[in-house]
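Visitor: I am new to reading protein structures, and I would like to go through one with you, feature by feature. Could you show it to me, and explain each idea before you apply it?

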Amino acid sequence: MTSPTGCPVSRDAAAFDPFGASYQLDPAEALRWSREQEPVFFSPKLGYWVVSRYEEVKTVFRDNLTFSPAIALEKLTPAPPEAAKILESYGFAMRRTMVNEDEPDHMERRRLLMDAFLPENLEKHEAWVRELVRSYMDHFIDKGRADLVEEMFREIPMTVALRFLGVPSEDAKELRKFSVAHTLNTWGRPSPEQQLKIAEDVGQFWKTAQAILDRMREEPTGEGWMYDSIRMHNQHPDVVPESYLRSMMMAILVAAHETTAFATSNAFRILLSNRASWNDICDNPTLIPSAIEECLRAAGSVVAWRRIATEDADVGGVTIPKGGKLLLVQASANRDPRHFENPDEFDIYRHNSAEHFTFGYGAHQCMGKNIARMEMRIILDEFVRRLPHIHLVENQAFEYLPNTSFRGPTSLWVEWDPEQNPERRNR
Ligand code: HEM
């Protein structure tokens, strides 16, 4: 077997299957052989060039002209014609939005729309995010057992994203319904039946987004990122065109929701599985921000991202032909011993954890990274104070939605003795 450049494909490369059990179980482990022997290889099963080492992943992320993000959200499994018809019936015309845009448009818009994402402008959200976290905990704090994914982690990032956008809460319910099928749709292998259902949901999502946007436009002084964007559209219609607003509303919800829900679930799983680290953050919550970076390194929620070569280019000594598609496996780069000492060890005191690629890198690096960090920090902070004695329910099976890129368990059961809750003991 040969690659598109005519080079022979090794046995391991030919066998690599991102939908197979080993990648789904642990993508970094599944690519250990590649990090050691063949850090850039062509995968015939995927039709992509896979990049697994830290430096090579960084090289590609850094150069967004040679390696365009245009395919970042392309469906890995093309939709059947019936699904396309459904979308057409909704007038669906999602355009490129930030994450998959090329220069110079991308940077011009990113600069105009960045303000609300800056740490100094996020501070004002902290108090209500904490309130929200506390209210979700109140529902189960006396029960002694909870599925944290179902009862909390899936809900909070969506609620935060909607409020950050400024979407009125009566509209939020509608949007919430439609945004969930996206992971499977984009990075998975949905069945033809699932494709039709997804097309219907995406069409509804599209329609609802426009109706909400129309209402928001009637309030010129509204607060939230979507209102900011409408104002930017009014001032710079050439840079932020009308069609961009609706696409961006959908894109942000998708970008903010499962990424953060999964990252929080992964963080709890890995911290509770490394009890000494959990105990350390309970004893000293100032360790939480660095612990979060180590969680994002060792168990990130976005494990692989895509680029396409705009010209023939060299990556780690391998020629990627123009039009070659690349799968950058951040989970693997995050465990590269050339960059992280003892990378398989979970170490909340590691000095360079924050250099992980879970948020990407370079011109397109995640705009919402500080929102995600804030949510995770507040959630952990509330848990170490209110439920430091939780532990994972033993022998639970962790399931993951089969896809190349988004990773987090579909449920996470924890238990504790409510009698030992600090709030009861201190009464
Ligand atoms: C882009 C991961 C949360 C908004 C990205 C990218 C990744 C990523 C990998 C692509 C980076 C690249 O191409 O170099 C994550 C993870 C999150 C998270 C792991 C949670 C733990 C959020 C949140 C928001 C958000 C909460 C918004 C509220 C965006 C936007 C972009 C982006 C707008 C496009 C930036 C650009 O292309 O300039 N994110 N994300 N993300 N993310 Fe996030």
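Guide: Let us begin with empty space: a cavity is a set of grid points where a 1.4 Å probe fits but cannot get out, and its volume is the space filled by probe spheres set on those points. Please keep in mind throughout that this is a predicted model. Here the largest cavity holds about 60 Å³ of space, and a search of the whole structure finds one cavity of 30 Å³ or more.

Visitor: Which residues line the largest cavity, and how do they divide by class?

Guide: Among the residues that line the largest cavity are Y23, Q24, P27, V303, Y400 and R407. Sorted by class, the lining of the largest cavity has six nonpolar residues, four polar ones and one charged one.

Visitor: Now I would like to turn to the ligand. Which protein atom is a donor to the iron atom of the ligand?

Guide: To find a donor, one looks for N, O and S atoms within 2.8 Å of a metal such as this iron. In this model the iron atom has a single donor from the protein, the SG atom of C366, at 2.3 Å. In the chain, C366 sits in the loop between α19 (330-333) and α20 (369-386).

Visitor: Which residues come nearest to the ligand, and where do polar atoms of the protein lie 3.4 Å or 2.7 Å from an oxygen atom of the ligand?

Guide: There are 29 residues around the ligand, and H106, R110, R307, H364 and C366 come nearest. An N or O atom in the side chain of H106 is 2.7 Å from an oxygen atom of the ligand, while a polar backbone atom of V99 is 3.4 Å from an oxygen atom of the ligand. For Y361, a backbone N or O atom lies 3.2 Å from an oxygen atom of the ligand. The elements that give two or more residues to this shell are α7 (105-113), α16 (242-273), β5 (305-309) and α20. The largest share, six residues, comes from α16, and by class the shell divides into 17 nonpolar, ten polar and two charged residues.

Visitor: How should I read the sheets, and which strands stand at the edges of the sheet of three strands?

Guide: In general, the strands of a sheet pair through backbone hydrogen bonds, and they do so either parallel or antiparallel. One open sheet here has three strands in the order β4-β10-β9, with antiparallel pairing. At its edges stand β4 (145-147) and β9 (391-392), each with a single partner strand, so one side of each is left without a neighbour in the sheet. Two bridges join β9 to β10 (residues 413-415), and L392 has V414 in β10 as its bridge partner.

Visitor: In what order do the strands of the five-stranded sheet stand?

Guide: That open sheet follows the order β1-β2-β8-β5-β3, and its pairing is mixed. Its edge strands, β1 (40-43) and β3 (67-68), each pair on one side only. Three bridges join β2 (residues 48-51) to β8 (residues 325-328), and these two strands run parallel; V51 stands opposite L328 in β8.

Visitor: Finally, where does the backbone hold a cis peptide bond, and which residue has a positive phi although it is not a glycine?

Guide: As a general guide, most residues other than glycine have a negative phi, and most peptide bonds are trans. In this model a cis peptide bond, with omega about 0°, joins E103 and P104, and P104 is placed in the loop between α6 (81-89) and α7. The residue with the positive phi, about 55°, is M98, which is found in the loop between α6 and α7.

Notes: Residues are numbered from 1 along each chain as its sequence is written. This is a predicted model: local features need pLDDT of at least 70, side-chain atom pairs count only at pLDDT 80 or more; totals for chains, interfaces and linings use all residues. Side-chain values use heavy atoms; hydrogens and water are left out. On a 1 Å grid over the protein atoms alone, a cavity is a set of points where a 1.4 Å probe fits but cannot get out, and a pocket is an open set with protein on both sides within 12 Å along at least five of seven lines; lining residues have an atom within 4 Å of a point. Ala, Val, Leu, Ile, Met, Phe, Trp, Tyr, Cys and Pro count as nonpolar, Asp, Glu, Lys and Arg as charged, and the others, Gly among them, as polar. Donors are N, O and S atoms within 2.8 Å of the metal (3.2 Å for Na, K and Ca); water is not among the atoms, so sites may look incomplete. Helices (H or I, at least four residues) and strands (E, at least two) are DSSP runs, numbered from the N terminus. A residue is near a molecule or strand if one of its heavy atoms lies within 4 Å of it. A polar contact is a pair of N or O atoms within 3.5 Å; within protein, one must be able to donate a hydrogen and the other to accept it, and residues adjacent in sequence count only if both atoms are side-chain atoms. Two strands pair if DSSP finds at least two bridges between them.
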